[in-house]
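Work through these exercises with the sequence and the model side by side. Try each task before you read its solution.

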Amino acid sequence: MSKMHKGAPKIIFQRATDLRNASTHAEEILWNYLKGKPLGFKFRRQHPYGLYILDFYCHAAKLVIEVDGPIHEKIEVREKDIERQQNIESDGLKVIRFSNDNVERNFGEVISILEELLKRVNNE
């Protein structure tokens with residue numbers, strides 16, 4: 001199993017496939033942009049990583065993009081998100097979160113933030 005997947009078990013790969021087939025509207029909007037390899041960076045969607053499934057992942061930039069729906073506003077979900085993000089970041093990855101609403105209503109701002117992050121990676 002490659003480092004890129006951090007030993008994800010088979011069930012996580014199966015679940016990732018299911019999620020790819022059931023993307024939210026906001027995920028589809030963002031994927032339509034990311035699949036064009038912005039600034040030359042390749043992204044994967046619903047990427048298995050250990051016991052997690054990352055909404056979008058760029059291995060070269062060590063960047064994880066999470067798109068959160070309203071359920072992520074619940075305290076118990078937010079607490080799990082914080083723990084999950086700390087675990088992922090402890091592996092040297094950067095996690096950035098956008099709400100569904102932000103992707104759908106402020107897409108230009110989302111793209112601007114992402115491109116700024118990717119430009120920084122290019123300059124390192």
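**Layout of the chain**

Counted from the N terminus, the elements follow the order α-α-β-β-β-α-β-α-α. That makes 5 helices and 4 strands in the chain. Helices (H or I, at least four residues) and strands (E, at least two) are DSSP runs, numbered from the N terminus. The model is predicted: local features need pLDDT of at least 70, side-chain atom pairs count only at pLDDT 80 or more, and totals for chains, interfaces and linings use all residues. Residues are numbered from 1 along each chain as its sequence is written, and side-chain values use heavy atoms, with hydrogens and water left out.

**Exercise 1. Assemble the sheet.**

Task: work out the strand order and the direction of each pairing.

Solution:
- Step 1. Apply the pairing rule: two strands pair if DSSP finds at least two bridges between them.
- Step 2. Start with β1 and β2. They run antiparallel and are joined by 5 bridges. Proline 48 has isoleucine 53 in β2 as its bridge partner.
- Step 3. Go on to β3. It runs antiparallel to β2, with 3 bridges. Cysteine 58 is bridged to leucine 63 in β3. The two strands form a hairpin with 4 residues between them, and lysine 62 in the turn has a positive phi of about 55 degrees.
- Step 4. Add β4 (residues 94-99). It runs parallel to β3, with 6 bridges. Valine 64 is bridged to valine 95 in β4.
- Step 5. Read off the result: an open sheet of 4 strands, ordered β1-β2-β3-β4, with mixed pairing. β1 and β4 are the edge strands, each pairing on one side only.

**Exercise 2. Judge the burial of β3.**

Task: which way do the residues of β3 point, and are they buried or exposed?

Solution:
- Step 1. Set the cut-offs: buried is under 20% relative accessible area, exposed is over 50%, and partly exposed lies in between (1.4 Å probe, protein chains only).
- Step 2. Sort by direction. Leu63, Ile65 and Val67 point one way, Val64, Glu66 and Asp68 the other, and all are buried.
- Step 3. Conclude. 6 of the 6 residues of β3 are buried, so the strand is largely enclosed by the rest of the structure.

**Exercise 3. Find the buried side of α2.**

Task: list the buried residues of α2 (residues 25-34), then locate them around the axis.

Solution:
- Step 1. List them: Ala26, Glu27, Leu30, Trp31, Tyr33 and Leu34.
- Step 2. Place them. Their arc is only 155 degrees, which puts them on the same side of α2. The arc is that of the directions from the helix axis to the C-beta atoms.
- Step 3. Name the partners. These residues pack against β1 (44-49), β2 (52-58), β3 (63-68), α4 (100-105) and α5 (107-123). Contact means heavy atoms within 4.5 Å.

**Exercise 4. Check α5.**

Task: test the length of α5, then describe its faces.

Solution:
- Step 1. The 17 residues should span 24 Å at 1.5 Å a residue, and the end C-alpha atoms are 24 Å apart, which agrees. The expected span is 1.5 Å times one less than the number of residues.
- Step 2. Val110, Ile111, Leu114, Leu117 and Leu118 are buried. They fall within an arc of 130 degrees, so they line one face of the helix.
- Step 3. Their cover includes α2, β3, β4 and α4.
- Step 4. The face turned away from the buried side carries the exposed residues Gly108 and Asn123.
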